[in-house]
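Here is a short briefing for a first look. Please keep the sequence and the 3D view at hand.

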Amino acid sequence: MSSPCSLLECGSTDDRHFEMDDYAGKIARWCPGCGDHAILAAVHRLLAIEQLKPEKTVFVSGIGCSSRFPHYVETYGFHGIHGRALPIATGVKLARPDLDVFVTMGDGDCTSIGAGHWIHAIRYNIDMTVLLLDNNIYGLTKKQTSPTTPQGFKTNTQTKGSFLPPLNPLQTTLGVTNASFVAQTADWMPSHLAATLQAAKAHKGFSFVRILQRCPVFTPDIFAAAIKDPQVTDVLSHPDGIQDANTDKIYKSQVFHNPGDIHEARRLAEGDRVRVGLFFRDESFPRYEELRQVTKRTPEEKMAFINAELDRHAV
Amino acid sequence: MSPNSQQDQVSSLSSKTAASVHTLPEHIFEIVSDSGEGAQKCGQSFGAVSAKMGNGAWTVEIIPAEIQPPPRSPGGASGVRIRIGTEKITNWGNQTKLVIAFNEQVLLARHRQGAIADDATILLEEMWESHQDPKVREQWAEALVELSSKNYHIVKVPMEVECLKIVDNPRKGKNMFALGLMSWIYMRDVEKVKAQIAMQFRHKSQDVYERNVRLLEAGMTWAAEHMSFQINVPCLEVTEDLVVMNGNTALAMGAVVAGLELCSMYPITPATSVSHYLSEIYDDLGGIVHQAEDEIAAIGVAIGASFAGKVAFTVTSGPGMALKTEFIGLAVMTETPLVIVDVQRGGPSTGLPTKVEQSDLLSTLYGMPGDSPKVIMAPSTLEECFHCMVTARRIAEAFRMVVVVLTDANLATGVQPFVRPVLDAGWHAPEIDLSPLPEGSRPMDWDLETGLSPRIVPGQKGGEFTATGLAHDQNSCVTYDPAMNQLSSEMRSRKLAVLQSTLSPPHICGPDSNDLLLIGWGSTRGAIEEAAAIARAKGLGVSSVNLTFLSPMEPGITEIFKRFKQVMAIEINYSDDPNAPYINEENRRRGQLTTLLRAITLVDVDCWTRVLGQPLSPGDIVDVIEKKLSAEVKA
Ligand SMILES: Cc1ncc(C[n+]2csc(CCOP(=O)(O)OP(=O)(O)O)c2C)c(N)n1
Ligand SMILES: [Mg+2]
């Protein structure tokens, strides 16, 4: 299943230029103050910077507040079912490697109901940009415990406080074979968010970005400390990492980290401290859609082949 | 052919002088061994050879009841039943007339299941009679006593001893020796048998091939020296081009010629072998077999690919269907074309993983939340397994619908010759159309009459939209508007009625009006038609109908039913026996097609169904017909 011949593009004079607004879809219906708005704006900006053709870009999501995302981007989109964005995106990319694929998921979507797909999608390492909008809670269904909810945090399903320590999506991702791009950023760090999205888009492979996302209704205080005081956030810095001068001006706690070092990446992903930046990147891992690339055959060629098969089975 | 008419005198033959040749219109035989001794391979090869010689043939695998059965246990009986005939064979028949058994325990299994005719000839490996282990000798002796309740004609064969002359490990060679026995008894064309062996071992060395041919020849020689009879089931001259294969291979080939280029699946018996065969050939054909992490992902990938413009398919069986239901709903809601093959097995739960059942009809039709209209087709022959994929793909695309193909374990592994398909490049899916769209193009632009709408795929400029499983309007914009939900539900449903308007009424086998109409679907067709023919030959007024489309059903059924005094569905799924304790007319749970037919036609359709994990036998259906009609006479 190969992409349509690139010759088709030759000589076509596609002189369209896209502004951020050109990518604006329906009016976003998230709550005022929801971190998803900031992420959406950053994505619109990314699309304009990259000049991605709307007709060749697909946003895939599951179900949740965050999964409304595709409706708000004027490209192709598939708003799927809870937890299953990654299989749909895999199918899109297997059928059409020529398309740019983005996936947005919530923390429940990705790390709970969709956890199996998440693990395997990392291993497939298909070229797509995958955003985990992590508000530490089930937003759409109104404040139930998610795998990333802090221990002790009271929710509607664990009213005396969540029982278990949270699952760490960075550590999990970094533990899976073929993890090739793992970064963390936050909705309240627009400049860092933008730089991270650009790096993720540039990566050839499965780019996993966990975005810490405020939910002003159900988890208003969870990230309050980090938002108030830049000192409590470590910024991973390295010439091969996320480069952003604006971030460096405000966030003084910098940790020098080589994104080629998986062991250090895993160590830095541990613990309670908020760390943003590029944890790990390796462009050398094979991509599934390349491993599975096949030569397109005409209907006549296929009929001839099956005829030969029928000969083998002939009476 | 007039089945059951032949008088088989095989067992009454006296001891060997010159072998006598018995010419019969058909014959049924079985080969059974411990699992791992290759009886299935051998039997399937024999079925293929017979078909290639011009016999009608039908094979059914005998599958062990246990996964790792101990050797020499009745639960481990593994093998094949083969029914060959001068004319076309459409089912596995009644009882077997000849058995080759590798030990007396697997033979007991078939004996206890009533699979063996009273006068059958049995070729039995004799090594166990004088085995060093006294327990084995005891088992042998007990078994022979049990078997003596029938008039079997038992011929002891030194299989092990003969094979040891050629190979060190007879466990790996006995099946070829047995193939030799069968080939001599049934007077098979040796060159065709050798060609089949060559095909079977095409990935192995010449050495392996030659060793197997020596085993084959040893079997033939032994039979020639010791057997007193041969059976000649004459072959008709082959006038049409025929091919022979099992249903899963036919399905896979059908998928290729239909232009399906992505098979996204998760392994599950008895569906998996579709993907095994495809994996061998698909790469060269621009296709991908994607083994996903689970059945949910498998269908998700197929839906994603189809949304992106390539119609994909997924193959599974009952438990996998259960997992896919939420995604099926999404495909229905987003009108994403999709082909799903469900090779049905025994259920519920893990049930009878390797055995035939027709129990997924209602769950496929209704087993998901909300109203989710979809197309359901059921091939009834191996030939239809091939062609249904082309039809399914075409309907899926033209109607933007989910098409479920319900086959079963019987079709999946059964081998049968059928008319060679004359391939047509027009069957192939069209190229993806990526041309730009005019302003105002709508992704769900329903024709209000038919519900049909053109498909828009990513890459088309001006067509940008977000497919969604939420209620939506013609622009695929989320809306909870009551009238829009009513309309979109109508539109998705209307397509079924439109599809039905393109179908013809089902063919009635037998007179157009009669005392009794039998109705069935899928792989039971051959047994039902044969039973009805036998009953008609006895003077009973029986006709039969087979439905290929279950949703929408073929038109005109109510009108057909009116021309028959009684209607009875025959199915391989569960129904309550009307005479069982507590069961009455009101609480009786009926067969799955039966239930649908009663709802659609308001006719009091009766049913006879069985869940024995095996195909239906025509003889049993004849009994049912006779009972049904005599009850009517009494009433
Ligand atoms: C199969 C299924 N189970 C449950 C739900 C209900 N549901 C919808 S969204 C959601 C969780 C949303 O939380 P999250 O994924 O974190 O996304 P957020 O809303 O926080 O962005 C749940 C449980 C559903 N839609 N489908
Ligand atoms: Mg959430």
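The points below cover a metal site and two helix pairs.

This is a predicted model, where local features need pLDDT of at least 70, side-chain atom pairs count only at pLDDT 80 or more, and totals for chains, interfaces and linings use all residues. Residues are numbered from 1 along each chain as its sequence is written, chains are lettered from A and ligands numbered from 1 in the order written, and side-chain values use heavy atoms, without hydrogens and water.

**Magnesium site**
- The magnesium ion (ligand 2) has the protein donors A:Asp107 (OD), A:Asn135 (OD1) and A:Ile137 (O), 2.1 Å from it.
- Donors are N, O and S atoms within 2.8 Å of the metal (3.2 Å for Na, K and Ca); water is not among the atoms, so sites may look incomplete.
- Along the chain, the donors follow the spacing D-x27-N-x1-I.
- A:Asp107 and A:Ile137 are both buried (under 20% relative accessible area, 1.4 Å probe, protein chains only).

**Helix 1 and helix 6 of chain A**
- The axes (lines fitted to C-alpha atoms over the stretch in contact) of helix 1 (residues 35-50) and helix 6 (residues 190-202) come within 9 Å and cross at roughly 50 degrees.
- Helices are DSSP runs (H or I, at least four residues), numbered from the N terminus.

**Helix 2 of chain A and helix 10 of chain B**
- The axes of helix 2 (residues 85-95) of chain A and helix 10 (residues 295-307) of chain B come within 6 Å.
- They cross at roughly 45 degrees.
- Contact (heavy atoms within 4.5 Å) includes A:Pro87 and A:Ile88 in helix 2 of chain A, and B:Ala297 and B:Gly300 in helix 10 of chain B.

Key:
Buried < 20%, exposed > 50% of the residue type's maximum accessible area, 1.4 Å probe, protein only. Axes fitted to C-alpha atoms, helices over the stretch in contact; angles between N-to-C directions. Helix = DSSP H or I, 4+ residues; strand = E, 2+ residues; numbered from the N terminus.
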